[in-house]
Amino acid sequence: MTVPNPARRTSPRSDLTTPPPDAAEPRVDPKAELDFSEIGDVLGNACFGCGPEVPHGLRITRTGHEGSTSYGEFTVIPEHQGAPGLAHGGILAAAMDEILGTSAWLLGGRYVTGRLETDFVRPVPVGSRVHLTARCTGVHGRKAYMEGEGRIGGPDGPVAVRAAAVFIEVPLEHFTEER
Ligand SMILES: CCCCCCCCCCCCCC(=O)SCCNC(=O)CCNC(=O)[C@H](O)C(C)(C)COP(=O)(O)OP(=O)(O)OC[C@H]1O[C@@H](n2cnc3c(N)ncnc32)[C@H](O)[C@@H]1OP(=O)(O)O
């Protein structure tokens, strides 16, 4: 049996992260496009992914979107290292989680990651600028199916990481209730 080489696949999707045939096309909520301040009420500026002053955080900057496709960037710093001189895989997965979550946000609901699948395609040296892209591939009930990739050095740079995910819509209380 031939084992597929993940580096040669163009999508990391499994059955669990592939929208079902009756999934709806994603629709961006114009309010979500405009009302960016609301996410600050939920996440504040303490988010490891995008908090602008979180020590050793990813400090991802969101650079724009077209429909549900969102774009962002971050730089791999020494504190993100796993193997010597290279980004830790968990850091790259966190970066994908953040940009996938940004595209889910644009749908207008409040979403959390239910499942995140990641293919690590090539090593990412410390100091790299990683360009992130994510999009919604379908919506089914409370589930938003997402996928994206991270490229080294520029939007057309080599793909380093690919991810697919299912985000689940939750009520505001998910974030505010005491636990
Ligand atoms: C641009 C402007 C800026 C915007 C910035 C925003 C950026 C934000 C960036 C942030 C980025 C970081 C983001 C983060 O880091 S979010 C933090 C990480 N995630 C979590 O903490 C989530 C923890 N889990 C839960 O709270 C619950 O398990 C949830 C809420 C997910 C579901 O529990 P709940 O009891 O509510 O729902 P349910 O169990 O009835 O399931 C409902 C449906 O969902 C399906 N399902 C459930 N789990 C999975 C799964 N694992 N794979 C596939 N499917 C799954 C399930 O089959 C069912 O489908 P169906 O039977 O209806 O068909």
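Start with helix H3 (89-105). H3 gives the most to the shell around the ligand, five residues. Helices here are DSSP runs of H or I with at least four residues, strands are E runs of at least two, and both are numbered from the N terminus.

This is a predicted model: local features need pLDDT of at least 70, side-chain atom pairs count only at pLDDT 80 or more, and totals for chains, interfaces and linings use all residues. For your selections, residues are numbered from 1 along each chain as its sequence is written.

Next, select the ligand and the 20 residues around it. A residue is near a molecule if its C-beta atom, placed from the backbone, lies within 6 Å of it. Gly101, Trp105, Val112, Gly114 and Arg115 come nearest. Besides H3, strands E3 (111-120) and E6 (159-169) each give two or more residues to this shell.

Now colour the shell by class. Eight residues are nonpolar, six polar and six charged. Nonpolar covers Ala, Val, Leu, Ile, Met, Phe, Trp, Tyr, Cys and Pro; charged covers Asp, Glu, Lys and Arg; the others, Gly among them, are polar.

Move to the loop between helix H2 (37-43) and strand E1 (61-66), and pick histidine 56. Its phi is positive, about 65°, although histidine 56 is not a glycine. Most residues other than glycine have a negative phi. Histidine 56 is exposed, with 11 other C-beta atoms within 10 Å.

Stay in the loop between H2 and E1 for arginine 59. Here too phi is positive, near 50°. Arginine 59 is partly exposed, with 18 C-beta neighbours inside 10 Å. The cut-offs, counting other C-beta atoms within 10 Å and placing C-beta from the backbone, are 20 or more for buried, 12 or fewer for exposed, and in between for partly exposed.
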